[in-house]
Structures are given as C-alpha cells and as structure tokens.
Amino acid sequence: MNDGTDFLVVGGGIVGLAVALELRRRGLGSVTLLEKEPALGLHTSGRNSGVLHAGIYYATDSLKARLCAEGSRRLREYAIDRKLPLRTCGKVIVASSEQTAPQIDVLYRQALHNGVRVERISPDELSRIEPEATTHGVALHSPDTAITDSRSILQCLSEDAADAGVRIERGVRVIRADDQARVASTTAGPCPYGILVNCAGLHADRIAHAAGVGLEYAILPFRGMYRKLRAEAAARFRGLVYPAPDLRVPFLGVHITPTVHGDVTLGPTALPALGRENYGWINGVRPREAARMGWDLGRMLILNRHGFRKMAAEEATRYTKPGFLRDARTLAPRLRGRDVTGWSKVGIRAQLINRKRLELVMDFVVEEGTRSVHVMNAVSPAFTSALPFAELVANRAATIR
Ligand SMILES: Cc1cc2nc3c(=O)[nH]c(=O)nc-3n(C[C@H](O)[C@H](O)[C@H](O)COP(=O)(O)OP(=O)(O)OC[C@H]3O[C@@H](n4cnc5c(N)ncnc54)[C@H](O)[C@@H]3O)c2cc1C
C-alpha cells in the first residue's frame, strides 16, 4: 500500500469496478481498488434482483433518468458481447387497486419524457402477454426490461479491470481517508493517493464524513427480503410483473421477477434494517449505530414527509407470509400460499436520508471533497446505470485533478 496510487477506488461493487475500469481506460494514471471482503459481490451488487430497468419511474431531470436507459442498453450489449446470461423478457406494470389506476398514465407520460419505449395495454392484451397478471383498467408493457446474473457481470467487469491494469486488492478495508494529507489508512497500512473515489455502498457516508463531505446525509439501510415461487407456479410466468408504485418513495413494491436461472422470485420488501449488513436477525448490528438509525426513523415517522408513515405501515405487514401474499395476489390473483416458499435471499439498500430535512433522498448523489469524489445513494437502478454512471464519476475525478 505504501507505494501509493493516482486513483484509489474504495469498494468493489458494480459502481467501484466500473469507475476503476473507466479511469484506467482514460490513461490518467495508476488505479487501485480496495475491497474489504475476501470476494466481490458479497453485498448489494451480488444480492439484487438482476433487473436491467428500462428507466420508466425516474423524474426527468434526475441522474437516474439520465443514466438508466443508456445503462440498460449498454449492459445488455455487454452481456451479449461477453456471452453472459441475459433475457430480455419484458415487464408489465399493473394497477393493483382502483386507487393506483391513475398512476399508470402518470408513469406512461414519465416514460415518454425519459425517452423510454413503453406501451399502454388493455386488460386483454395484458392477459396475452402475462396470463397470470391482473390490472384495474389499463396497464403498461415495457418490452426492453431485461434480467441478467449480477455476479457474472461483476466477475467479467473485474477481469476487464484487472486486464486494463487496475490493481484489485481484496480483504483490505479503508478505515478513513485524509484529503489534506492525501493518505487513506487501511487494514494493510497507509495508502497515499492522488484522488480517492468512494464507492463503498452501504458504508459510503462513513468514508465521506471522515473526509468532511456530505455531513447532512446518512445511510438508513432498508432490507429487501425475497420469497420464491415453487416450480409449478413459477412456470406460469413469462416476464416481470410490477405494481404501479408510489413515486414519492424510492421503492417499487412487492413484484414478481423471474431469474435467468429459471426461478421466479417475489419481493423484495423494503423494511428498515438494524444495521448496514444486518442480513440475518441480529448479525451485523452495532448498538450505537442502530440507536442512531432508530432515532432517525422515529423522527421521519413523526414528520411523515411524502407519506412515509403509510409506506412504513404497508411494509410492516409484509413481514408475515399472509401480508406478503396478499400484496402478491393483487398482481396475480391465482397465487396461493402453497405456491410460495419461506424467505430465500436478502439484500440491503444503501438508502440515503437527508438528516436535516428528514426525508429519503430520491436521486443518486455525487459529492466532492478537496481530493476525493463520493458516490452516495447508489440505490436502484445503480446496477443498471453503472457504465454511464462510472463515466460521470470519472469526469468529476478528472476535473479535481
Ligand atoms: C434487494 C435489492 C434489489 C435490487 N435490485 C436491483 C435491480 O434489479 N436492478 C438495479 O439496477 N439495481 C437493483 N438494486 C440496486 C443495486 O443493487 C445497487 O444500486 C448497486 O448494486 C450498488 O452498487 P455499489 O457498487 O454502490 O454497492 P455494493 O455492491 O454494496 O459495493 C460496495 C462495496 O464496497 C465495499 N466496501 C464498503 N466499505 C468499504 C471499505 N471501508 N473499504 C473497502 N471496501 C469497502 C463493500 O464490501 C462492497 O463490496 C437492488 C438493491 C437491493 C438491495
């Protein structure tokens, strides 16, 4: 570590790998990527739904809208080029209740503003595309939504990065970064750097705060738990089935998602976690941090910005199988309890909150320190958006230089 590096990338998820590769391809200097785990993909990038989103939901002037559609096209091309698993199976978005029916037109207009291909379809057309799905009134069809295997993408990107000359060190954790001294302390000793790029996902706020950046933000982790459909029920689904979501919050509701491996998952939930890596019941919980998160959550519930209390109440019911199934059946009424397994996998969203305004941050956030760039709130669709997102982050890093 003592030799130092021109660019020090913290975190080997999809964002860190794509940024490291982009910096190296530009030939701006040496690039080192540090990943605290012994392997890649152990956190969010390896635990997601594997959906390459089309870019429908996001406010037109947002980074998400700017990067998602292009990111999806480029990752699909990448997967095809590298012969990685990919199925462009399409997605339907249905009105799961009378109350959400007007949302379909809102989403339709949003998609058109974002330049995304989407069709309004009647209930009959919906039955032809996805026979198990139901809707109140019209639905939407997104033919370009695709699914992939996230870990295969990560593996291939890490090989490309290593081939391009990125030095990738696994099992090395960055403890803090000092922008004035331009040195990061790590578990393998001090590492001098020219520019540090923080892509630490669930820990990005801690690295940023140590560099004096983004102090109004903190991560409030939200746990996404999935169930699976048993084989006989899974065989009845062709593509993805989503409800029209509440666009005031960054979660999409329980949905039905096939995987490239032939499974069909239900979920994920969006329940507050007790810790950044709280994948089981109590592992990954740090009492002081859990207290801060509980305090923030309590204040957000009291303030109730953007209908947060309603969302939290709805999410809480999804902890039980009947509550979870009730929501899934608003999309596909023929589903029965016997079709659904217990909890299958868990991922945790690195959701940023603004602690002054006590609200969930909706868009990706990229903040700069004197010698550092910090990627914060790399929540969905950051996986889909990773390639153009990396270009944006590399531009910011190159400007500081
Ligand atoms: C349940 C769920 C489903 C999702 N589904 C989708 C989807 O279908 N499509 C989509 O586009 N997006 C989806 N997302 C979002 C997507 O997975 C994330 O936006 C994306 O993976 C974020 O990547 P990342 O590189 O920022 O974070 P990560 O993948 O978490 O990578 C960060 C890395 O940094 C490392 N790290 C942290 N701190 C340090 C440190 N101090 N030193 C060294 N290394 C460190 C971590 O170990 C980790 O490997 C989903 C997310 C969740 C939780």
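Hi everyone, let's start with a helix. Helix H8 covers residues 287-303, which makes 17 residues, and at 1.5 Å a residue it should span 24 Å. Its end C-alpha atoms are 24 Å apart, so the expected span and the model agree. And I should say right away that this is a predicted model. Just after H8 comes Asn-304, and its phi is positive, near 55 degrees.

Next, the ligand. Which residues come nearest to it? There are 39 residues around the ligand, and the nearest are Gly-11, Gly-13, Gly-201, Gly-224 and Ala-382. If you sort that shell by class, you get 17 nonpolar residues, 17 polar ones and five charged ones. Some helices and strands supply at least two residues each to the shell: helix H1 (14-25), strand S2 (31-35), strand S19 (340-349) and helix H11 (382-400).

Let's stay with H11, as it has a packing partner. Helix H2, residues 63-81, packs with H11 at an angle of about 100 degrees, and their axes are 7 Å apart. How are the two helices oriented to each other? An angle between 65 and 115 degrees counts as roughly perpendicular, so that is how H2 and H11 are described. On the H2 side, the contact is made by Leu-67, Cys-68, Glu-70, Gly-71, Ser-72, Arg-74 and Leu-75. H11 brings Thr-384, Ser-385, Ala-386, Leu-387, Pro-388 and Phe-389. By class, the residues of this contact divide into seven nonpolar, four polar and two charged.

If you follow the chain from H2 towards strand S4, you pass through a loop that holds Lys-83. Lys-83 has a phi near 55 degrees, a positive value in a residue other than glycine.

S4 brings us to the sheets. As a reminder, strands of a sheet pair through backbone hydrogen bonds, either parallel or antiparallel. S4 belongs to an open sheet of three strands, in the order S3-S8-S4, with antiparallel pairing. Strand S3 (51-52) and strand S4 (86-87) are the edge strands, each pairing on one side only. S3 pairs with strand S8, residues 146-148, over two bridges, and Leu-52 stands opposite Ala-146 in S8.

There is another open sheet of three strands, with the order S13-S20-S21, and its pairing is antiparallel. Here the edges are strand S13 (217-219) and strand S21 (359-360), each of which pairs on one side only. S13 and strand S20, residues 352-354, are joined over three bridges, and Ala-218 sits opposite Ile-353 of S20.

Now for a hairpin. Strand S10 (residues 174-178) and strand S11 (residues 183-186) pair in the antiparallel sense over four bridges. Val-174 has Thr-186 of S11 as its bridge partner. Four residues lie between S10 and S11, and in that turn Arg-182 has a positive phi of about 55 degrees.

Let me finish with cis peptide bonds. Where should you look for them? One joins Gly-267 and Pro-268, with omega about -5 degrees. Pro-268 lies in the loop between strand S17 (264-267) and strand S18 (271-272). Another joins Ser-380 and Pro-381, and there omega is about 10 degrees. Pro-381 is in the loop between strand S23 (372-376) and H11, and H11 is the helix we met both in the shell around the ligand and in the packing with H2. Thanks for listening!

How values were computed. Residues are numbered from 1 along each chain as its sequence is written. This is a predicted model: local features need pLDDT of at least 70, side-chain atom pairs count only at pLDDT 80 or more; totals for chains, interfaces and linings use all residues. Two strands pair if DSSP finds at least two bridges between them. A residue is near a molecule or strand if its C-beta atom, placed from the backbone, lies within 6 Å of it. Ala, Val, Leu, Ile, Met, Phe, Trp, Tyr, Cys and Pro count as nonpolar, Asp, Glu, Lys and Arg as charged, and the others, Gly among them, as polar. Axes are lines fitted to C-alpha atoms, for helices over the stretch in contact, and angles run from 0 to 180 degrees between N-to-C directions. Angles under 35 degrees count as roughly parallel, over 145 as roughly antiparallel, 65 to 115 as roughly perpendicular and the rest as oblique. Two residues are in contact if their C-beta atoms, placed from the backbone, lie within 7 Å. The expected span of a helix is 1.5 Å times one less than its number of residues.
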